[in-house]
Amino acid sequence: MRTLTEIRWHGRGGQGAKTAALLLADVAFNMGKHVQGFPEYGPERMGAPITAYDRISDYPIRVHSNIYEPDFVAVVDDTLLHTVDVTMGLKEDGAILINTLKKKEEIIPLLNGYKGKVFVIDARRVCMETLGKYFPNTPMLAAIVKVSGLMEEDAFLREMESSLKHKFAKKPEVLEGNMRALKMAFQEVY
Amino acid sequence: MAIKDRMSGNEAVAHAIRQINPDVMPAFPITPSTEIPQYVSSMIANGEIDTEFIPVESEHSSMSAAIGASAAGARTLTATSSCGLALMWEVLYVAASNRLPIMMEVVNRALSGPININAEHSDSMGARDCGWIQIYAENNQEAYDNTLQAYRIAEHASVKLPVMICQDGFITSHAVENITLLEDEPVKRFVGTYEPEHYLLREDESMAVGPYAVSCYCMEAKRAQAQAMINAKDVILQVAREFEAISGRSYGFFEEYRLEDAEYAIVAIGSVCGTIKEAVDGLREKGCKAGLLKVRVFRPFPGEEMAAALKHCKAIAIMDRCEGYNSVGGPLGAELTAALYRVKAVSEVVNITYGLSGRDVKVSDVEVVYDGLEKLAQGENCFGEYPYIGLRSADRAE
């Protein structure tokens with residue numbers, strides 16, 4: 001049985017949607033998956049809408065096209081809901097995750113009648129309480145792992161801890177804040 | 001022991017460059033190849049390699065500096081894309097005619113205009129007749145493997161020609177994918193040290209590089225250079241066999257994917273070939289005898305071998321990621337069609353332009369091509385007179 005999960009990220013230049021896509025590919029690779037993480041490039045400017053993609057599978061990935069019928073969509077900035085058709089092609093048995101200060105009931109009417117599952121998270125609050133700075137990548141990464149069920153939460157946290165330990169060997173305080181952000185994001189997404 | 005990792009195509013070739021540790025790298029940044037000199041600079045700063053990095057003010061200068069370094073006897077490389085490659089145009093010929101085994105990482109990108117940064121083969125295809133060997137990759141793995149084989153081909157005594165190692169801008173250069181790397185030691189043993197026979201810094205031999213040649217010698221020099229490109233064919237296959245022995249990965253002039261019994265074949269270059277393979281597998285399940293010929297080596301052009309592998313097909317689509325602006329089609333289409341004529345092939349042949357300026361190609365786009373080939377074999381041409389796929393407007397003239 002060939003299983004493939006396809007994820008599309010929407011963000012604005014400078015918010016780190018591309019980095020989030022590459023981080024997800026990284027952690028999936030570390031858990032033994034075949035991965036493809038790539039951005040769609042144009043004349044990027046800070047604040048302009050950008051798209052990035054992940055393919056995660058248990059077999060080698062050969063297709064090199066963009067993703068048109070994703071299983072999951074992650075939106076890093078809810079102001080995009082007014083300008084970008086974020087649910088385009090999104091499978092109805094999939095789900096969309098949106099970073100927003102708004103409540104889920106306020107978001108649903110903005111999704112062009114999408115019938116699948118909708119999840120929201122206030123990544124800003126998670127960041128300010130755990131990191132003291134707004135880096136939406138970290139909570140969005142945990143949230144998409146939870147929403148997609150791509151990997152076990154405990155295994156994901158163990159993997160993140162070991163890779164962050166390596167990355168921030170000289171800054172243990174950064175490791176702790178990031179781990180708290182991941183754990184809090186698991187609780188906050190709904 | 002093979003090392004399982006994940007990285008982008010640019011990281012993959014930078015990793016290969018670290019393992020090779022060449023002597024000199026002059027470079028000028030241009031999207032999407034900029035990361036390559038950037039990674040190499042970091043490796044130098046970190047003391048991982050002792051390559052001499054020469055920052056220059058243009059690509060004409062990076063290639064000129066590469067020519068100087070290579071003529072002096074140094075193992076030399078550079079990297080570029082698009083307009084950067086076009087700016088090198090004059091000196092590309094100088095590198096090849098002086099028989100300098102320079103390696104260049106080409107991250108394929110559209111030429112202007114309109115100005116665009118995305119994948120297209122017009123840059124390296126524009127330089128197809130400048131005397132450089134050209135090897136193309138489908139993914140990060142092949143870009144890495146081709147880089148490791150480059151100097152062995154270029155520096156071979158019967159070749160001594162520069163080589164372009166090409167991959168598709170962004171589609172593979174910036175996509176993180178799984179890759180299997182070799183350990184440093186077997187790579188170093190495989191690539192070996194560069195020991196040129198003649199070079200400018202050799203104390204006991206005076207020589208000139210790049211002087212004027214009068215008419216009674218110049219034509220002989222050019223014929224000798226052409227012979228080197230002919231000789232490169234055997235060397236490319238020999239190096240591939242040796243590379244297979246250390247990596248387990250097999251390479252040739254091209255890859256035949258389910259082609260042996262195929263009735264309908266697509267011929268293409270680069271990252272689109274993975275997407276085509278996916279389409280082929282799907283069509284085979286439905287009983288359609290689809291196949292792919294993926295071109296790896298474009299210079300020297302293995303026309304005879306490709307034609308032999310394709311001759312049995314009822315219909316063939318030759319796909320160019322490059323507009324020929326000649327009112328007929330692209331360069332792969334022109335050259336392969338000529339090669340098919342020489343083997344007296346009776347297959348229907350169509351030359352299709354696709355993927356210009358990063359236009360995405362989906363599995364369903366490829367299926368449409370195979371469907372068209374089936375019809376073409378039955379005498380119905382639905383491709384039109386000047387076939388494009390993925391074009392948004394049907395009114396091409398507007």
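These notebook entries record what I looked up in a predicted model with chains A and B.

**Entry 1. The interface**

I began with the contact between the two chains. I found 26 residues of chain B in contact with 21 residues of chain A. The size of an interface is often given as the accessible area lost when the parts come together. For chain B and chain A I noted a buried area of about 1900 Å². Carbon and sulfur atoms give 50% of that area.

I then looked for charged pairs across the interface of chain B and chain A, and 3 salt bridges are found there. I examined one of them: Arg6(B) forms a salt bridge with Asp26(A), with the closest N and O atoms 2.5 Å apart. I also recorded 13 residue pairs in polar contact across this interface, both residues of each pair being at pLDDT 80 or more.

Next I asked which elements give two or more residues to the side of chain B that touches chain A. They are β1 (3-7), β8 (176-181) and α10 (272-285) of chain B. Of these, α10(B) gives the most, with 5 residues. I sorted the residues of this side of chain B by character and obtained 8 nonpolar, 8 polar and 10 charged.

**Entry 2. A sheet with strands from both chains**

I followed the strands across the interface. Strand β2 (residues 34-40) of chain A pairs with β8(B) in the antiparallel sense, over 2 bridges. At residue level, I noted that Gly37(A) has Val176(B) in β8(B) as its bridge partner.

This pairing belongs to an open sheet of 8 strands, which I traced in the order β6(A)-β5(A)-β4(A)-β1(A)-β3(A)-β2(A)-β8(B)-β1(B). I recorded its pairing as mixed. The edges are β6 (117-121) of chain A and β1 of chain B; each has a single partner strand, so one side of each is left without a neighbour in the sheet. Neighbouring strands of this sheet are turned by 20 degrees against each other on average, direction ignored.

Within chain A, I looked at strand β4 (residues 72-75) and strand β5 (residues 95-99), which run parallel and are joined by 4 bridges. Val75(A) stands opposite Ile98(A) of β5(A).

I then turned to helices packed on the sheet. Helix α1 (residues 9-20) of chain B touches β1 and β8 of chain B, and its direction makes about 135 degrees with that of β1(B). Helix α7 (residues 140-154) of chain B also touches β1 and β8 of chain B, with a direction at about 40 degrees to that of β8(B).

**Entry 3. A sheet in chain B**

I traced an open sheet of 5 strands in chain B, in the order β9-β11-β10-β13-β14, with mixed pairing. Here β9 (254-257) and β14 (348-353) stand at the edges with a single partner strand each, so each has one side without a neighbour in the sheet. The average turn between neighbouring strands of this sheet is 20 degrees, direction ignored.

I checked strand β10 (residues 264-269) and strand β11 (residues 290-295) of chain B: they run parallel and are joined by 6 bridges. Ile269(B) has Val295(B) in β11(B) as its bridge partner. I also noted that helix α12 (residues 331-342) of chain B lies across β10, β11, β13 (315-320) and β14 of chain B, running at about 145 degrees to β13(B).

**Entry 4. Salt bridges over all chains**

I finished with the total count, which comes to 31 salt bridges over all chains. I looked up the one between the side chains of Arg125(A) and Glu129(A), at 3.2 Å from N to O. These two residues are 4 residues apart in helix α3 (residues 123-130) of chain A, so about one helical turn separates them.

How values were computed. Residues are numbered from 1 along each chain as its sequence is written. Chains are lettered from A and ligands numbered from 1 in the order in which they are written. This is a predicted model: local features need pLDDT of at least 70, side-chain atom pairs count only at pLDDT 80 or more; totals for chains, interfaces and linings use all residues. Side-chain values use heavy atoms; hydrogens and water are left out. Contact means heavy atoms within 4.5 Å. Buried area is the accessible area (1.4 Å probe) that two parts lose on being put together, summed over both. A salt bridge is a side-chain nitrogen of Lys or Arg within 4 Å of a carboxyl oxygen of Asp or Glu. A polar contact is a pair of N or O atoms within 3.5 Å; within protein, one must be able to donate a hydrogen and the other to accept it, and residues adjacent in sequence count only if both atoms are side-chain atoms. Ala, Val, Leu, Ile, Met, Phe, Trp, Tyr, Cys and Pro count as nonpolar, Asp, Glu, Lys and Arg as charged, and the others, Gly among them, as polar. Two strands pair if DSSP finds at least two bridges between them. Axes are lines fitted to C-alpha atoms, for helices over the stretch in contact, and angles run from 0 to 180 degrees between N-to-C directions.
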